[in-house]
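Hello,

Here is the structure I promised to pass on to you. Please have it open while you read, as my notes follow below.

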Amino acid sequence: MTHEFRLDVPESPDVVFDWHRRPGALARMLPPWQPVRAVREAASLRDGVAVLRFPAGRTWVAQHVADEYDDGHRFADRLASRPFLLPLRWHHQHEFAAGPSGCTVTDRVTTGLPASLLTAMFRYRHRQLVDDLASHCLAASTPRLTVAVTGSSGLVGSAVVPFLTTGGHRVVRLVRRPPAREDERQWDPKAPDPATLADVDAVIHLAGASIAGRFTASHKREVRDSRVEPTRRLAQAAAASGVSVFVSASAIGFYGADRGDEELDEHASAGDGFLADLVRDWENAAIAGAGPAMRVVVVRTGIVQSPRGGALRLQRPLFAAGLGGPLGAGDQWVSWIGIDDLVDVYHRALIDPRLDGVVNAVAPHPVRQRDYAAALGRALHRPAIVPTPGLAPQLLLGSEGRREVASASQRVRPAALERVGHAFRFPQVEPALRHLLGSAPGVAA
């Protein structure tokens with residue numbers, strides 16, 4: 001049987017087709033709730049081969065069909081492997097035609113799978129396409145950049161990099177091992193060489209040891225040592241090489257573990273505790289290392305929402321089983337941000353000279369923990385009424401880690417983004433969770 005899914009995009013067919021042919025398009029459209037990742041993108045939409053990897057080594061090989069290629073108007077791919085135990089037919093034709101609002105995209109899939117199994121996937125793909133193109137429009141009048149990225153394989157980096165490449169930017173991945181790809185360069189966090197950043201316009205610095213783990217002395221030392229001095233030295237190397245923009249990750253842990261109902265914008269004072277001290281020193285390292293000649297943006301990030309990592313990845317199985325609920329009394333403020341909204345913040349930091357210094361990367365509507373739990377339960381169609389005892393995160397993080405991470409309460413406002421008129425894809429938490437978990441309302445067909 002053949003299923004059709006249509007979308008009207010407010011861009012010309014040429015713009016939409018070009019987005020699909022650039023590196024990163026496949027990664028940007030893979031639904032994050034599915035256990036699949038792109039290991040190879042097709043070099044050509046005419047006759048290239050793309051490879052997806054499922055758990056247990058299962059591989060989906062998509063062979064593009066040369067006879068069905070019409071440059072700027074159509075391309076097609078078919079399944080050329082047997083990824084599952086039962087045979088599966090899959091032929092996917094992508095068509096682009098002038099439509100009432102710009103371009104009508106038609107996905108025509110011939111398969112034995114019912115449409116009900118595909119609707120959520122295409123709804124997600126179409127929303128990603130429209131939102132990504134809208135974000136790229138912000139940079140329509142600015143030149144394409146060469147951007148060096150550390151931490152490119154992490155949760156944030158693996159979303160930022162394909163977004164930039166589909167927008168026509170060139171990405172240089174800074175890695176600590178010998179380069180294995182043309183887009184990689186080796187860097188030493190202890191002594192970065194300015195020559196590594198030759199021909200680079202901007203740096204996005206995301207690297208650092210995971211904060212997750214028990215807050216032992218050795219763990220805290222590892223977290224600090226991976227951030228403060230490496231950030232200072234990379235900023236110094238960027239300044240020496242003539243980089244114009246340095247964008248560094250940071251965290252709302254700057255504000256301390258519990259500030260009550262105080263609304264915290266970028267001018268609020270630092271809080272107390274390990275994370276507050278760490279983030280203050282981390283941010284100062286970026287600003288001091290860069291010096292006055294380079295624009296520096298420090299992205300103070302809230303709780304990132306993605307089923308591929310972070311808190312949501314841990315919470316999703318519990319809530320999906322109907323065993324999730326608020327942590328303790330649920331009064332804590334949760335200042336969150338969807339992964340794609342965070343990508344937009346990094347993009348804007350690169351291209352908008354009005355952003356300078358600290359930027360709170362949080363959605364404009366923080367929620368109480370009990371309300372977050374209820375929204376996650378609704379997104380998964382499960383009850384969310386069983387309180388999570390504080391003992392569970394304490395066993396994982398220790399008492400200090402539980403207080404500063406799992407039980408933290410910060411009501412943070414994205415004032416700097418509001419001042420430049422930044423528009424969020426998902427300002428409210430429940431629509432964000434539904435998009436990320438495949439339960440968004442609407443009809444894609």
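**Cavities, pocket and cores**

The second largest cavity has a volume of about 40 Å³. Please keep in mind throughout that this is a predicted model. Helix 3 and helix 13 are the elements that give two or more residues each to the lining of this second largest cavity, and helix 3 gives the most, with 3 residues. The full lining is W33, A120, R123, Y124, R434, H435, G438, S439 and A440. By class, that makes 4 nonpolar, 3 polar and 2 charged residues.

How many cavities of 30 Å³ or more does the structure hold? There are 3 of them. The largest cavity contains about 60 Å³ of space. Around the largest cavity you will find H20, M29, H94, V105, D107, R125, H126 and L129, which divide into 3 nonpolar, 3 polar and 2 charged residues. Helix 3 (119-137) turns up here too: helix 3 and strand 7 (102-111) each supply at least two residues of the lining of the largest cavity. The largest share, 3 residues, comes from helix 3. For helix 3, then, both linings are worth viewing together: helix 3 gives the most to the lining of the second largest cavity and the largest share to that of the largest cavity.

Next, a pocket. The second largest pocket has a volume of about 230 Å³. Its lining counts 13 residues, and those closest to the pocket centre are Q34, P35, V36, R308 and R313. In the lining of the second largest pocket, 7 residues are nonpolar, 1 is polar and 5 are charged.

Now to the nonpolar cores. The largest nonpolar core has 47 residues. Which element provides the largest share of this core? That is helix 9 (residues 339-351), with 8 residues. The residues with the most contacts inside the largest core are L164, I204, V247, V299, L342, Y346 and L350. L350 makes a good starting point for a look around: leaving aside residues up to four places away in sequence, L350 touches L145, V147, L164, A202, I204, V245, V247 and R295. Apart from the largest core lies another one, of 20 residues, with L174, W187, V203 and A207 among them.

Two strands are also worth a look. Strand 14 (residues 295-301) pairs with strand 18 in the parallel sense, over 5 bridges. In this pairing, T301 of strand 14 stands opposite A361 in strand 18. Strand 18 (residues 357-361) is mostly covered, with 5 of its 5 residues buried.

Lastly, helix 10 (residues 369-379). Which of its residues are buried? They are Q369, Y372, A373, A375, L376, G377 and A379. The cover over these buried residues includes helix 8 (310-320) and helix 13 (429-437), along with strand 15 (303-305), strand 16 (333-334) and strand 19 (367-368). Helix 13 is thus part of the cover of helix 10 as well as a contributor to the lining of the second largest cavity. Just after helix 10, H381 takes a positive phi of about 55°.

I hope these notes help you find your way around. Do write back with any questions.

Best wishes

Terms used
Residues numbered from 1 in each chain as written. Predicted model: local features only at pLDDT ≥ 70, side-chain atom pairs only at ≥ 80, totals over all residues. Heavy atoms only, no water. 1 Å grid on protein atoms, 1.4 Å probe; cavity = no way out; pocket = protein on both sides within 12 Å on 5 of 7 lines; lining within 4 Å. Points joined across faces, edges and corners; volume = space filled by probe spheres on them. Nonpolar A, V, L, I, M, F, W, Y, C, P; charged D, E, K, R; others polar. Buried < 20%, exposed > 50% of the residue type's maximum accessible area, 1.4 Å probe, protein only. Helix = DSSP H or I, 4+ residues; strand = E, 2+ residues; numbered from the N terminus. Contact = heavy atoms within 4.5 Å. Core = buried A, V, L, I, M, F, W, Y, C linked by side-chain atoms within 4.5 Å. Pairing = 2+ DSSP bridges.
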